[in-house]
Amino acid sequence: MRWSKFFIPTLREDPSEAEVISHKLLLRAGMIRKLASGIYNFLPLGFRALKKIENIVRCEMNKAGALEILMPLVQPAELWKETGRWDAYGKELLRFKDRKEHDFCLGPTHEEVVTEIVRRDVKSYKELPLILYQIAVKFRDEIRPRFGIMRAREFIMKDAYSFDADWDGLERSYQLMYETYEKIFTNCGLKFKAVEAHTGAIGGDVSHEFMVLAETGEDIIAFCEKCGYASNIELTPAISGEKYPLEPEKPLEKVYTPGVRTAQEVADFLGLPVSKITKTLIYIVEEKNAVAVCLRGDHEVNEVKLEKLFSGKPFRMANEEEVRKIVGASPGFIGPKDLKIKVIADKALEGYPNFVIGANEDEYHYLNANLGSTFKPDIIADIRKATLGDLCPKCKEPLSFTRGIEVGHIFKLGTKYSEPMKAMFLDKDGKMKPFIMGCYGIGVSRILAATIEQNHDEDGIIFPWQIAPFQIAIVYLKEDFKENAEKIYKNLSQNWDVILDDREERPGVKFKDMDLIGIPLQIILGKNYEKNKELEVKIRKTGERKYIKIEELENFVRNFENEKN
């Protein structure tokens, strides 16, 4: 491809709307353009990278024996009502009516649709196992779409669904997809980690997320360097490695704490470490029951763990007006003592002597509170996020933490969808049984953003060879070199994706653009070519420059490609 015939509207400055590196660089490199909040056009350069990712995904899925299909974006409400998700999914499900007043939605996922396909036409255990997948557009009406295509409302996803006759079959399908995902992300040139994860709105009992490791990741991963355990922090058991000091219980003391509400403000006012302060939060469960949650001030509540305690019932944090009505005091002065509602205390408060709690009276706190004597919670449970100093749940060594970007998620669904939808097959014993299902998602467009978050520098994108929109760029600096540049371009284009920069632009502009769009190899016909007939080859990732003869070029590129794979 010649640059002059391609459409690459690069930008010199960072767009003000962009919050993260990938969003800035995708816009600056002319790969995407915003159409509406969370909705983007993919321009030719971005689309080429996207298709490279799709092809890697498709290749490995096909090798695993999965069969590609294509399902509609628009889905009838009737299917979602069969599983109960029409009401349960939430506002992320974009619902609408057609001209006949029938209810539909834009598909955020396709469990119901694929189950409908299989229940119609798969009748016997002899047709199992079966794995169907698609690569298609999804829509989730995110309340706060952000970070460009990292968290968009409309996005491209690979979603696969397995159907098995029994749980052993599901285990085999799940393991097959796990291994396939490892191959996909490796072939995309990514550094990643598979972690245990929360099943969320999709459901099921077991799931793993595949996280691209990046400092800008939204998710925190807890992992053990000794035994290999890894999980999303939402799911990580908080096992404290801290040894509390032995000290006698002191008498409870009510103190005046004017104008301080947060745990840190109370700690500063009292001259105590924030770990000695507790915070009590009020939640409303099913819009009718108030529950108090008490934990240390230096810990964060884990709402995924709360969801399990609440048996999956919907809940939310109470607003300030509700807190005053329930407790009689403002948020920040709430404590677990003498509350008339259920109290859940975090396990880290067990054995922790003489801490501070709110007095349930504005401007006051209690010193020297103790679990058991000062208040007796209804439940003591692990309700916090794991943190530094906590121990691995498998080997009890200290956990480490890093950040990641979720690019894949796999689930063991079991009969969550097949039972309510009456998707049955005839088993070998002659009985009708529900399909045992799994589902497996990859954010194809998110991989593009995650790749850039992991591979960039101050000059722009550094694409891995495997998914670069063009693998090689040819830049000639004098018109006299154009003919030879054309010959090199035609020769290399037989085996690789090559772009020839034939613009009448200053060398500095050409070099900046090539660095910005992240082409792995730049072949330059410049001063060395004029003097010694040597090509200058710049390796984008390292900045290293090699000088080689034209006849050596093809072997050099082939060796470079093999090293990258």
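A disulfide here is a pair of cysteine sulfur atoms within 2.5 Å. Keep that cut-off in mind. The model on screen is a predicted one.

So, cysteines. How many disulfides does the rule give? The count comes to zero. Take Cys 59. The closest cysteine sulfur belongs to Cys 188, and it sits 11 Å from the sulfur of Cys 59. That is too far for a bond, because a disulfide needs the two sulfurs within 2.5 Å. Is Cys 59 buried or exposed? Neither: Cys 59 is partly exposed, at 37% relative accessibility.

Now Cys 439. This residue is in no disulfide either, and its nearest cysteine sulfur, in Cys 105, is 16 Å away. Cys 439 counts as buried, because its relative accessibility is 4% and the limit for buried is under 20%.

Next, the domains. The assignment gives three entries. Domain 1 comes in two pieces, 3-237 and 401-453. Domain 2 covers 253-381. Domain 3 covers 470-563. How far apart are the C-alpha centres of domain 2 and domain 3? They lie 63 Å apart.

On to a helix pair. Two packed helices are described by the angle between their axes and the distance between those axes. Look at helix α1, residues 21-28, and helix α10, residues 444-454. Their axes come within 8 Å and cross at roughly 105°. That angle makes α1 roughly perpendicular to α10. Which residues make the contact? From α1, we have Ile 21, Ser 22, Leu 25 and Leu 26. From α10, we have Leu 448, Ala 449, Ile 452 and Glu 453. By type, the contact of α1 with α10 has six nonpolar residues, one polar and one charged.

Now Arg 58. You will find this residue in helix α2, which runs over residues 44-63. Arg 58 is partly exposed, with a relative accessible area of 23%. Setting aside residues up to four places away in sequence, Arg 58 touches Glu 68, Tyr 133 and Ile 135. Another pairing spans the chain: Arg 58 and Ile 442 are 384 residues apart in sequence, and their C-alpha atoms are separated by 11 Å.

Last stop, helix α12, residues 507-517. Which residues of α12 are buried? They are Val 509, Lys 510, Asp 513, Met 514, Asp 515, Leu 516 and Ile 517. Note that the list holds Lys 510, Asp 513 and Asp 515. After α12 comes Gly 518, with a positive phi near 80°.

Conventions. Residues are numbered from 1 along each chain as its sequence is written. This is a predicted model: local features need pLDDT of at least 70, side-chain atom pairs count only at pLDDT 80 or more; totals for chains, interfaces and linings use all residues. Side-chain values use heavy atoms; hydrogens and water are left out. Buried means under 20% relative accessible area, exposed over 50%, partly exposed in between (1.4 Å probe, protein chains only). Helices (H or I, at least four residues) and strands (E, at least two) are DSSP runs, numbered from the N terminus. Contact means heavy atoms within 4.5 Å. Axes are lines fitted to C-alpha atoms, for helices over the stretch in contact, and angles run from 0 to 180 degrees between N-to-C directions. Angles under 35 degrees count as roughly parallel, over 145 as roughly antiparallel, 65 to 115 as roughly perpendicular and the rest as oblique. Ala, Val, Leu, Ile, Met, Phe, Trp, Tyr, Cys and Pro count as nonpolar, Asp, Glu, Lys and Arg as charged, and the others, Gly among them, as polar. Domain bounds come from an automatic or database domain assignment.
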